[in-house]
Amino acid sequence: MPVTSLNQRILIIDDNRQIHGDFAKILGASPAVDDALASAEAALFGTAPTAVDAMPGRLVFTLRSAYQGEDGAREIEAALARGEPYALAFVDMRMPPGWDGLKTIAKIWEVDPDVQIVLCTAFSDYSWSELTAKLGYSDRLLILKKPFDILEVLQLAHALTEKWAMAQALKLHVAGLGILVEERTRELQLANTSLGHEVARHQTTIRELAAVRQRIEEVLRTVPLVLIGVGADGVITHWNAIAESTFALPRAEALGRQLSSLPIAWPIATVLSLAADARGTGSAAECEIRIDGGEGRQHAFLMLSAAAMPAPSADVLVYGSDVTKRKLIEIHLVNSQKLEAVGQLAAGIAHEINTPTQYIGDNARFLQESFQGIAKLLHAYRELAAAAAAPAPGKTGEFAALLERIDGLVVSTDAEFLAVEIPKALEQSIEGLDQISKIVSAMRDFSRQDHGTRMWADINASIQSTVNVARSEYKYVADVVLELDPLLPKISCCASEINQVLLNIVVNAAHAIRDSGMKRRGTIRVSTESLGSGGKDGIEIRIADDGPGIPAAIQSRVYEPFFTTKPVGKGTGQGLYLSRNIVVKGHGGSLTFTSPDGGPTTFVIRLPIAKPAASGDAIAAD
C-alpha cells in the first residue's frame, strides 16, 4: 500500500518511434494489456479471468516522448520547473546521432537526481563495472534487455514509480510500508503452507514479492533515520541499519527482544512513554534524548518521536534523527552569545567598577595625608607623656611648651574634621569594595561554564547576579524593581543558561525603554513565585517593562533566528531564539509574552523543579 499518491509521469527517450508506441500500449489504457494481465492472474491463482473493467490496481501512466537524449534532458528540466517532475524515464542506450544513453542519464541526474532510470538496450555496449565507473553506483538505475515483455515493463513501471513516491514520502510512511510488507509476507507464507499442492505455481509470486520487499528494505536502509518497530507486547519487530550504527547493536541481537531489555545507555522510561503515547493517541510529541556512548564513544543526541501503524497492525514505530551536530552548534551559539553579551557589557561593567575604585583611591589618599598630621600629633602626645613622667624641676615650663605645640598641631591637622571624615572615608571605601565584590561575583556567576550539567540552583540569586551584571545597561533609563518570592524552591537547571535567558530579556527591556524616547525613567519589574503547593508545579519568573511594547505586526517573529529590529551591528537576532530553545527544549519549560500594541511587555518564564530525565543529563549537587 503506497504511503503517498503515486507520480505516474513517465518519460520515454528513444530514437525509435515504434518503441514509443509499444510503451503507450503497455503503460497506457490498453485492453490488450489488460487481457494479458487477466489471463496471467487466472493462470497464477486458478480463477476465472477478471473482466477488463474490473482489473484491480491497474494504473494508466502519463507518458511523454523524447527522441534524442538532449530533448529528454530538456524535458526533465522543464517538468521540474513546472512542478510536475517525472518519476521514471526509460532511456535507450543507442540514439544516434545525439547523446547515447549513459550521457543522457548523467545529464538527467544533473537536473533531477530523483528520477528513476531504466536503461533499455539490446546490446552489451558497456559492462556493469563500466556503467558504474561512468555513472557511479546508484539504486535509481536498472537495466532492461530488449526485447522486453509486457509484465516486465509493467512491473518496472509500478515498482519504480512507487519507489519514487516512497523516496519523497514522509519517513514514517516509508517505515510503515516496510512493516506492512513484512506482515503481508508472513500471511502469504502461511497461505503457501496451506496450499502445498499449488506451491510450484506460487513460487513466481513469492519471488516477485521478495524482490519488492528487498527494494523496500534497500529504500529503508537509505533513509537516514533510526527506525524501531515495537509490537503490542513490547517486542522489537524492526531495527534498521541506522539503528545498528547509532546504538552499536546488530539487528540480529535486537529483533525479538523486549525494548526495555536492550543494552543501551538511554532513558528507557522516556522511550517507553513515547511508544505508549503513540499507541494511545496515534502519535507522540518529539523528545530529545541523550545516549551515553560508553568507553571510547562520544555521547549522541537523538530527536525521537513515535507513531502507531495503521490497523490492523498493533505495532508502533519509534523513529528519530541524530541531532548531535545541531546540539553542538546550539551549545556553540549559546557560548558565542554569552561572549557577545560580555563584550557588550564590558564597557559598562568597567565603568561600574571604576566609579567605586576612584573614590576608594581618593579616600585612601585622604587617609594617607591625614595620617601624617595625626602621626605628628601622636608623637607630641608621647613627648608630653614622657615629660609628665620626668623629675619635677623645670616641668612647668616644659609642659607649657609641649601643650602649646600640641594645640598648634591640633589646629594644623584639623583633628576635629579628621575625627568626623575618616570614619566616613572608611565607610565609603567599604561600600565601594562591597559594590566591586558584588559586580565581580555576578560576573563570575554569569560566566560560569557548567557544560550543560544540571545543578540545583537558586533562581532568586541568579536574578540578583543578572541585575548586577546588566546595571550599566539600564541605570540611566530605568529602575529595576525586584519582587522575589523568599520561599522560592531551588530548581534543577543549567544555571549559566538560565542566567543568559534572564540577561537577554532584561537587556532587551532596557534597550526598548532607551530607544523609545520616553521623557521619564522606565521601570523593569522582575518577580518570582512558586507554582502549586511548595512549588510542586515549578516556578514562574515574570519580567515586565513599561516601554512601548512589541508591535503586533512583528510579535509572531520575535523567536525567529536572526530576526531583529535593531540597526545593523547592534543586534544579532539570536537572543530570544536561543532563550526559547534553552527554556523549552533544554529545560522542559515555557517562554511566552504579552504585549498589547503600544503597551507594556511582560515575558513569562515557567520552569519545572526538575525536567524529566529525557536527555540523560547529570544533576549535580551545589
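**Figure 1. Helix α3 passes helix α4 in a right-handed crossing.** This close-up, like those that follow, comes from a predicted model. Helix α3 covers residues 69–81 and helix α4 covers residues 101–111. Their axes lie 9 Å apart and make an angle of about 15°. Angles under 35 degrees count as roughly parallel, and α3 and α4 are therefore roughly parallel to each other. To find the meeting point, look on the α3 side for G69, A73, I76, E77 and L80. Their partners on the α4 side are T104, K107, I108 and V111.

**Figure 2. Two cis peptide bonds, each leading into a proline.** One of them runs from P96 to P97, with omega near 5°. P97 sits in the loop between β3 (88–92) and α4, the helix that packs with α3. The other cis bond joins K146 and P147, and here omega is about -5°. P147 belongs to the loop between β5 (141–145) and α6 (150–168).

**Figure 3. A248, a residue other than glycine with a positive phi.** Phi of A248 is near 55°. If you want to locate A248, go to the loop between α9 (241–247) and α10 (251–254).

**Figure 4. The largest nonpolar core, with 39 residues.** Which residues have the most contacts inside this core? They are I459, I524 and I605. The elements that give two or more residues to the core include four strands you can pick out in turn: β14 (522–530), β15 (539–545), β16 (590–594) and β17 (601–607). Strand β13 (491–493) is on that list too, together with the helices α15 (459–469), α17 (495–515) and α18 (575–586). Helix α17 supplies the largest share, 11 residues. A general tendency fits this view: in soluble globular proteins, nonpolar side chains tend to be buried together. Zooming in on I459, and leaving aside its neighbours within four places in sequence, you will find contacts with L488, I491, C493, I498, I539 and I541. Another core, of 26 residues, lies apart from this one; I236, L249, I264 and A284 are among its members.

**Figure 5. Helices α15 and α17 in a right-handed crossing.** Here the axes are 9 Å apart and the packing angle is about 50°. Which word describes this pair, parallel or oblique? At that angle, α15 is oblique to α17. Helix α15 brings I459, S462, I463, T466 and V469 to the contact. From α17 come I498, N499, L502 and L503. I459 appears in this view again, having been one of the residues with the most contacts inside the largest core.

**Figure 6. Cysteines in a structure with 0 disulfides.** The search that gives this result covers the whole structure. Why does C494 have no such bond? The closest cysteine sulfur, in C493, is 6.9 Å from the sulfur of C494, which is too far for a bond; a disulfide needs the two sulfur atoms within 2.5 Å. C494 counts as buried, at 3% relative accessibility. C120 is buried as well, with a relative accessible area of 3%.

**Figure 7. D479 in strand β12 and the residues it touches.** The strand runs over residues 478–483. Is D479 buried or partly exposed? D479 is partly exposed, with a relative accessible area of 39%. Not counting residues up to four places away in sequence, D479 touches R521, G522, T523 and I524. The last of these, I524, is one of the residues with the most contacts inside the largest nonpolar core. D545 is 66 residues from D479 along the chain, and their C-alpha atoms are separated by 9.8 Å.

**Figure 8. K585 of helix α18, seen with E288.** K585 counts as partly exposed, at 40% relative accessibility. Although K585 and E288 are 297 residues apart along the chain, their C-alpha atoms are separated by 7.8 Å. For the wider setting, the protein chain holds 18 helices and 18 strands. Among its contacts with a separation of 6 or more, 68% are between residues 24 or more positions apart. Buried residues make up 43% of the 622 residues in the chain.

Conventions:
Residues are numbered from 1 along each chain as its sequence is written. This is a predicted model: local features need pLDDT of at least 70, side-chain atom pairs count only at pLDDT 80 or more; totals for chains, interfaces and linings use all residues. Side-chain values use heavy atoms; hydrogens and water are left out. A nonpolar core is a set of buried Ala, Val, Leu, Ile, Met, Phe, Trp, Tyr and Cys residues joined through side-chain atoms within 4.5 Å. Buried means under 20% relative accessible area, exposed over 50%, partly exposed in between (1.4 Å probe, protein chains only). Contact means heavy atoms within 4.5 Å. Axes are lines fitted to C-alpha atoms, for helices over the stretch in contact, and angles run from 0 to 180 degrees between N-to-C directions. Angles under 35 degrees count as roughly parallel, over 145 as roughly antiparallel, 65 to 115 as roughly perpendicular and the rest as oblique. A crossing is left-handed if the near helix is turned anticlockwise from the far one by less than a right angle, and right-handed if clockwise.
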